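Please open the structure in your viewer and keep a selection panel at hand, since this tour moves from one selection to the next.

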Amino acid sequence: MIKITNLEKFYRTEEVETVALNKLNLEINTGEFVAIMGPSGCGKSTLLNILGLLDDPDGGSYLFNGTEVAHFNERKRADLRKHNIGFVFQSFNLIDELTVFENVELPLIYTGVNSADRKQRVEEVLTKMQIMHRRNHYPQQLSGGQQQRVAIARAVVNKPKLILADEPTGNLDSSNGNEVMELLTDLNEQGTTIIMVTHSEHDARYSHRIVRLLDGHTVVENIMM
Amino acid sequence: MIKNYLKIAWRNLWKGRVFNLMNITGLAVAVACCTLIFLTVYYEFSYDNFHEKLDSIYQVYNVANRPKGVEKSSSMPTPMAAALKAEYPAVKYITRSGNTGGVVTYGNQKINEDIHFVDPDFLKMFTFPLVQGSSNAALSQLNSAVITEEAAKKIFGNKSALNQTLLINIENREQPFLVTGVVKQYPANSSITFDVLLRFEHFPQYNADKDSWGNRTHMVFAEFNEGYDPAIFTQQIKPFVNKYYAEDLKNLKRDGAKPDANGNIFSLALAPFADNHFNNDIGIVEGNGISKTYPISLVVIGCFILLIACINFINLSVARGFTRAREVGVRKTLGAGKWQLLAQFWVETILVCLASTIIGLLLCTLLIKQFKAIFKSKISLGMLLEPAHLTGIILMFLAVTAIAGFYPALMMVRYKTVAVLKGKISGGKPGKLRNTLLVIQFTLSTLLIICTIITWQQISFLSNKPLGYNKTEVLSIPVDQGTRGADALRLMRNELRNNASVVSVSGAYMNFGRGNDGSSRRSVLGFIYNDREVRTHLQSVDYDYVKTLDIKLLEGREFDPNFKGDSTGIIINESMARELGGKNLVGTFLPMLDGKPKAQIIGVVKNFNFESLHDDIAPLTLTMLKDFEINYIFVKVKPGNLVGAYDNIKSSWHRLYPNATFLASWLNENTERQYLSERRLSGIFVSGAVLAIIISCIGLLAISIMMVIQRNKEIGIRKVLGANVFGIVMMLSQDFLKLVLVAAILSFPVAWWVMSHWLQSFAYRVDIHWWVFALSTALALILAFVTISFQSIRAAIANPVKSLRSE
C-alpha cells in the first residue's frame with residue numbers, strides 16, 4: 001500500500017539545517033498495523049505528516065497504492081486524503097463549536113455525501129464506538145476517552161483504507177488508553193491499515209510490526225508475533 | 001453545505017460576541033453615516049437633471065482680463081440676448097433671466113411671490129411642463145403671467161387659475177397680468193425657483209436699459225443646436241464682441257489689460273447649465289449654488305469612515321483568526337478544500353455585514369432628522385428605495401464584504417496545516433498588516449482632528465474680527481416689497497425720534513451680510529478718471545449712515561441735511577482713495593455717472609468690511625443718489641437692553657405697517673449668516689472626526705483585548721519576575737502609541753496642504769500654527785492610551801498564578 005524510498009525532509013532556520021528524515025525507506029502492506037517508535041525529535045511525526053499528505057517531502061519517492069504522490073498539489077492531496085486517510089491525534093483536535101454528531105459528520109460533508117446517508121453512517125459509527133448517547137454534546141462536555149472515541153469515529157466514518165494515529169493514547173489514562181487500542185485493533189482486523197506513532201511500548205505491542213527511528217532513519221524493525 | 005456554513009458561522013459569531021459586537025457597532029455607524037452622506041451627495045449632483053435638454057443649455061458670461069486679474073461676470077446687457085440669437089446661428093433658443101420679489105394682489109389678498117422675468121424661449125428650453133395652457137403661447141403676450149401649481153393654489157385656492165387677472169407690484173407700480181399658464185410644480189432639486197414668470201420687458205429698469213450695452217443687469221441662457229461644440233464659442237463670437245463691446249475693449253486696453261492665451265482681453269464664454277449648482281465662479285447664477293468642495297469633502301469623509309470600519313473588521317478578523325487556526329488545520333486534514341474554507345469564513349463576514357447594514361439603515365432612520373438639520377440636506381429615506389440607491393447599497397455591502405472579509409479568510413486558509421496543528425501559529429505575531437492598517441486609521445483620524453481645529457479657529461476668527469463698523473448694536477430692517485424705502489425710512493425716523501433707546505436711524509441700498517430677507521445686492525460702477533478706469537462698489541445711503549454704523553471718518557464730514565450740495569456729494573473709503581491715487585481728496589469732483597453732474601468727495605472713511613471676509617476691502621463709494629432704492633433701514637440703539645430695544649422698534653414698525661412682516665436682525669446675525677457654508681463644513685469635519693476616532697478606538701480596544709489574551713502568559717512571567725503594573729501597562733501600550741505617533745506625523749503634510757488650500761479662499765484668515773498639530777497628536781495619543789489602558793491595566797493587575805497555571 002505504501003512504499004517510500006530515500007525519503008528526505010529538512011527543517012531550515014536561518015542558521016541551522018535539521019535533517020528530520022534521512023533517506024528513509026519503508027514499505028507498509030495493506031491490512032498491516034505498524035507502530036512507529038523512537039525518541040523525541042527522531043522524525044516520527046514528520047513521517048506521519050508526510051504519509052498523511054499534510055506535508056511535502058524534500059526528496060525521495062512516496063508511492064501510495066502504486067501512485068507517486070510526493071509532489072501532488074494541494075488540491076490533489078486534499079482529494080486523496082479525504083477519500084483514503086483518517087487521522088487520530090493525541091490532542092483529539094475536535095472542533096469545539098460542533099457537536100459530537102457534527103464533528104463526525106464533517107468528513108462526509110467534505111466528500112459530498114448526501115444528508116440522509118450522512119445521518120445513517122454517523123449513527124452507525126457512533127453506535128459502534130459506543131458514544132451514540134452523547135451525539136448532541138459538545139467536545140468540552142466529554143471525558144478524554146470519550147473525546148478520543150469521537151475522534152476515531154470521525155477518522156473512520158469515511159471508511160478510509162489507512163488510519164494515521166499520532167500518539168492516540170498520549171492524553172489518556174491507562175484504562176481509556178486500552179479501550180482506544182482495542183478499537184484500533186478491531187478496525188485493523190476489519191481490514192484497515194493502521195500506522196501509529198507512539199512512545200508507549202505497551203501500545204506498540206498491539207501492532208504487527210514496530211519501526212524504530214533514530215535521527216531520521218530506520219534503525220530496526222521488530223516483527224511482533 | 002450552506003446550512004452547515006450558516007450554523008457554524010452563527011456559533012462562531014456567538015462565541016466571539018464581544019468582538020463581533022464591536023465589529024458590528026463600528027460598521028453599522030459607518031454604514032449609517034455613509035448612507036446619509038452618499039444620499040446627500042447624490043442629491044447635490046442631481047440638481048437640474050430633470051431638464052430634458054440640460055446638456056445643450058449654457059449660461060453666457062464674460063471674462064475681462066483686467067490689469068489686476070481676471071474678472072468673470074454673468075451679468076449681461078439687455079440687448080445682448082436678442083443680438084446673439086440673431087447673429088449667431090448655432091443658438092436655437094435664448095432667454096434673459098432676472099428675478100425680484102413682488103407683491104401679487106388677487107381680490108383682497110396680497111401675497112409676496114418670487115418673480116422671474118424671462119423671454120418666451122424660457123419655456124421651450126427648460127423642462128417646466130404646463131398643466132394648464134400651452135408652452136408656446138403662454139408667454140406670447142406682454143401681459144402674460146405663468147404661475148406654478150403651488151402659487152396657483154396659494155392665490156386661487158381651488159379655482160382655475162387660467163385666464164384670471166392678477167395685480168403685481170413691481171418697483172412700486174401695480175400692473176394687471178393675465179394668467180396664461182400653470183406649470184407643474186418643479187422638483188426641489190431645481191436651481192431655477194420661482195412662483196411667477198413674467199415677460200422680461202417688465203424687469204425693473206428695462207426701459208432705461210433696453211438699448212444700453214453698458215448696464216448689465218441679468219443672466220442669459222442659450223440652448224444650442226444639437227451637436228454644437230461649446231469650445232469654439234469664444235473664438236467664433238469674437239466679431240460680435242468687437243462690435244458690441246467696443247467700449248469695454250477700448251477701456252481695458254487703455255488700462256493696460258493683459259491678453260489671455262488666445263489673445264483676448266475681453267471675451268464671452270459659456271458655462272454648462274448642467275454644472276450650474278456648483279458654479280460659483282462666474283458671478284450670478286440661478287439658485288444657491290454650492291462649492292464642489294462641500295460634496296467632495298462629504299464623499300472623502302464618508303469613504304474615510306467606511307475604510308476605518310473595514311480596517312477594524314480586517315484587524316479583528318485576522319486577530320480572531322489566530323484563535324481558530326487549529327480548526328482550520330483540522331478541517332484541512334479532514335479534506336476541506338480551499339474554497340470550502342474560504343466560503344465558510346466568508347459566510348461569517350456576510351452575516352456580520354448584513355447585521356451591520358440592517359442596523360446601520362435603522363440608525364439612519366433615527367438620525368436623518370438631525371442630519372438634515374445640521375447639514376441643510378434635503379434627502380429623504382424614501383430615496384433609499386429608488387433602484388439606483390438600492391443598487392448603491394448592495395454595492396457598498398458587497399464592497400465591504402469583499403474588502404473586509406476576503407483578506408482574513410484568505411489568510412486563515414493559507415495556514416500551514418502541520419504548523420497550526422502543532423499550535424505554532426496561535427501565538428500570533430503583531431503583523432505588518434495590522435500595524436499598517438492601524439496607522440492608516442489613525443492618520444485619517446488625526447487628519448480630521450486637525451481639520452476640525454483649523455476650521456473652528458477660522459470660524460471663530462471670522463465671527464470675532466472687528467469689521468470696522470458696529471455690528472452688535474445696529475438693527476437692520478429689510479423694507480417690505482411694495483413699500484417705498486425712502487418713505488419707510490422717513491416714517492421710521494419720525495416714529496423713533498422720541499425713543500430713548502435709539503441713537504440714530506439711517507438707511508441704505510445694500511445690507512451687511514445676509515439679512516432675514518435672504519437677498520444680497522451689489523453694484524459695481526466703472527468710470528474714467530485721469531484717463532484710467534476706476535472701478536468702485538456703490539452704496540446708496542441716507543443721512544446719518546456713517547454715524548449709525550460707527551464707521552470712522554478720516555477726513556471731511558458725513559452727509560448733512562444742512563449742506564445743500566450733499567445730496568450730490570460722495571463719501572469714499574480708504575481703498576477708493578488709494579485707487580484715486582492721492583491724499584487730500586476731499587473737495588475733488590469725480591465724473592461718476594454719465595449724464596449727471598460730477599460728484600464731489602465730501603469725506604473719506606476708514607476701510608470697513610462691507611463684504612464677507614472672503615474678500616479684501618474693495619473701493620467703495622457712498623452716495624445719496626435717488627436711482628437706488630433704500631432697501632434696508634438701520635437703527636443704532638444704546639448698548640444694554642437689546643431685546644427691549646428690538647421689541648420697541650418692532651412695535652413702532654407694526655404701528656406704521658400693520659400688515660408687513662418685521663424681518664429685522666442685528667448686523668452680527670447677518671454677518672454670521674455669510675459663513676453658513678463654512679459652519680456646515682466645520683460641522684462635517686467635527687462629525688467626521690468624532691466618528692473616525694470612535695470607530696478607530698473601538699478597533700484599537702478590540703485589538704488590545706486580543707493582544708492581552710495572546711500575551712497573558714508573558715505578562716504572568718514578567719510579574720513573577722518582578723515587573724510592576726505601570727511597567728506592564730507601558731509595555732503593552734508603547735507599541736500602539738508608536739504607531740499612533742507615526743500616523744499623526746503622516747497626517748501633518750496632508751492636513752497642512754488641505755487646510756492652507758481652504759484658507760486661501762479667505763482674504764482674512766488665521767495662520768496654521770504648529771501647536772494645532774501638537775494638540776491633535778496629543779489628543780490622538782491620549783485617546784489611544786486610554787483605550788488600550790482598559791485592557792492593559794486589567795491584565796497587569798491580574799494574579800499571575802492564574803495565567804501561568806493554564807499551561
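The stops below take in the enclosed cavities and then the two domains of chain B.

Bear in mind throughout that this is a predicted model.

**Stop one: the cavities as a set**

Rolling a probe the size of a water molecule over the atoms shows where empty space is left. A search of the whole structure returns seven cavities of 30 Å³ or more, and the largest of these has a volume of about 210 Å³.

**Stop two: the largest cavity**

Select B:Asn20, B:Phe313, B:Ser317, B:Arg324 and B:Glu348, which are the residues nearest the centre of the largest cavity among the 20 that line it. Then display α1 (2–15), α2 (17–45), α10 (293–323), α12 (338–375) and α13 (387–413) of chain B, the elements that each contribute two or more residues to this lining. If you colour the lining of the largest cavity by residue class, you should find ten nonpolar, seven polar and three charged residues.

**Stop three: the second largest cavity**

Which residues line the second largest cavity? Select A:Arg81, A:Lys82, A:Ile85, A:Gly86, A:Phe87, A:Pro107, A:Arg154, A:Ala155 and A:Asn158, and add B:Thr333 and B:Leu334 to complete the lining. The space in this second largest cavity comes to about 60 Å³. On chain A, the elements giving two or more residues to the lining of the second largest cavity are α2 (74–84), β6 (85–88) and α5 (144–156), and β6(A) gives the most, with three residues. Coloured by class, the lining of the second largest cavity shows five nonpolar, three polar and three charged residues.

**Stop four: the domains of chain B**

Now colour chain B by its domain assignment, with domain 1 covering 2–43 + 292–461 + 676–805 and domain 2 covering 474–674. Taken over C-alpha atoms, the centres of domain 1 of chain B and domain 2 of chain B are separated by 55 Å.

**Stop five: where the domains meet**

At this boundary, seven residues of domain 1 of chain B are in contact with nine residues of domain 2 of chain B. The size of an interface is often given as the accessible area lost when the parts come together. Between them, domain 1 of chain B and domain 2 of chain B bury about 750 Å², with 42% of it on carbon and sulfur atoms. Select B:Leu676, B:Ala763 and B:Tyr764, which supply 60% of the area that domain 1 of chain B buries against domain 2 of chain B, more than any other three residues.

Finish with the count of one salt bridge between domain 1 of chain B and domain 2 of chain B. Select B:Arg679 and B:Glu672 to see a salt bridge whose closest N and O atoms are 2.5 Å apart.

Conventions:
Residues numbered from 1 in each chain as written. Chains lettered and ligands numbered in written order. Predicted model: local features only at pLDDT ≥ 70, side-chain atom pairs only at ≥ 80, totals over all residues. Heavy atoms only, no water. 1 Å grid on protein atoms, 1.4 Å probe; cavity = no way out; pocket = protein on both sides within 12 Å on 5 of 7 lines; lining within 4 Å. Points joined across faces, edges and corners; volume = space filled by probe spheres on them. Helix = DSSP H or I, 4+ residues; strand = E, 2+ residues; numbered from the N terminus. Nonpolar A, V, L, I, M, F, W, Y, C, P; charged D, E, K, R; others polar. Domains from an automatic or database assignment. Contact = heavy atoms within 4.5 Å. Buried area = accessible area lost by both parts, 1.4 Å probe. Salt bridge = Lys/Arg side-chain N within 4 Å of Asp/Glu carboxyl O.
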